[in-house]
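Dear colleague,

I am handing over the structure we spoke about, and I would be grateful if you could look through it before reading my notes underneath.

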Amino acid sequence: MGAAWAGPLALGMLFLFFAAVGLHEFYVILHRDKALAPRWWAGMLTGLLLYLAVFIQSNDGADTSLYWFMVIPVAVVMFSEMFRTNESKNIVNLALTTFGWGYVIFPLALINVLGQVHGEYDWHLVLGYFLLLWSNDSGAYAFGRMLGRTKLFERVSPNKTWEGLIGGVAFTLFIAWVLSHSFDTIELKDWMAVAIIIGVFANLGDLFESHIKRMFGVKDSGSIIPGHGGVLDRFDGLLLSLPIVIAYFKIITSL
């Protein structure tokens with residue numbers, strides 16, 4: 001919240017840190033299966049360069065054409081590395097490395113785009129998005145504890161219920177209504193649309209991350225936040241919901 005208020009540079013650098021830690025957590029999870037060990041150095045370096053490209057482009061619409069001369073050589077080296085050996089898993093390893101960029105780096109980098117979605121930086125929209133995201137989590141937990149009976153997807157997340165999902169969405173819609181009266185950044189219908197997107201895709205993001213952890217026998221993605229796990233555990237809902245929110249605003253803006 002403080003970084004959002006401080007401005008795009010503070011917000012961008014904070015989420016650069018989250019992106020680095022999150023991508024590292026993702027690669028550590030994959031590394032538990034030695035056959036699926038990712039390309040560490042090139043994957044991390046290229047991922048962070050990609051994040052910076054989005055950050056630079058989103059602030060004042062800067063020209064990033066020269067910047068790509070930094071990214072492309074690193075990517076070429078990484079892709080050419082697979083030809084050094086004849087390991088049968090090279091293509092799989094490479095695919096998983098690049099998947100980390102799309103799953104972790106790209107969504108976290110889009111926080112820079114969200115703040116500038118109307119052309120000028122607006123911290124209210126960033127704050128509002130996170131308030132809705134947190135409301136969805138809190139509402140789902142509270143309603144699930146009080147009313148939860150019907151399991152949502154027991155094999156992946158045994159504690160999640162349909163009652164919790166519906167309660168979380170309802171509470172998020174209520175908070176969206178409150179935000180519409182507190183911030184005039186966007187209209188009520190847009191706050192409601194963002195709330196619905198979060199209600200659907202944040203829960204899918206949570207289930208997807210839980211599925212990855214179960215596949216590799218991991219309880220938490222990391223331990224950077226004592227008692228709460230890692231970056232992926234805290235931002236699992238953002239990873240799928242924020243790209244859809246950005247797409248919504250881009251489509252609405254173009255109409």
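What follows is a short account of what was found, going from the whole chain to two of its residues.

Please keep in mind that this is a predicted model. The protein has 9 helices and 2 strands, and along the sequence six helices come before the two strands, with three further helices after them, in the pattern α-α-α-α-α-α-β-β-α-α-α. Of its 255 residues, 50% count as buried, and among the contacts with a separation of 6 or more, 69% are between residues 24 or more positions apart.

Tyr 129 is a residue in the interior that you may wish to look at, and it is found in helix 6, which covers residues 123-147. Because its relative accessibility is 1%, and buried means under 20%, Tyr 129 counts as buried. Leaving aside residues up to four places away in sequence, Tyr 129 touches Leu 114, Trp 191, Val 194, Ile 198, Leu 238, Ser 241, Leu 242 and Val 245. One of these, Leu 238, lies 109 residues away along the chain, yet the C-alpha atoms of the two are separated by 9.5 Å.

Turning to the surface, the protein exposes about 12900 Å², of which carbon and sulfur atoms supply 68%. Phe 171, Phe 174, Trp 177, Val 178 and Leu 188 make a nonpolar surface patch of about 430 Å², to which helix 7 (residues 162-182) gives the most, with 4 residues. Phe 174 is found in helix 7 and, with a relative accessible area of 46%, is partly exposed.

With best regards

Methods:
Residues are numbered from 1 along each chain as its sequence is written. This is a predicted model: local features need pLDDT of at least 70, side-chain atom pairs count only at pLDDT 80 or more; totals for chains, interfaces and linings use all residues. Side-chain values use heavy atoms; hydrogens and water are left out. Buried means under 20% relative accessible area, exposed over 50%, partly exposed in between (1.4 Å probe, protein chains only). Contact means heavy atoms within 4.5 Å. Accessible areas come from the Shrake-Rupley method with a 1.4 Å probe; for residues, only the protein chains shown count as cover. Patches are made of residues with over 30% relative accessible area and no salt bridge: like charges are joined within 9 Å, nonpolar side chains (Val, Leu, Ile, Met, Phe, Trp, Tyr) within 5 Å. A salt bridge is a side-chain nitrogen of Lys or Arg within 4 Å of a carboxyl oxygen of Asp or Glu.
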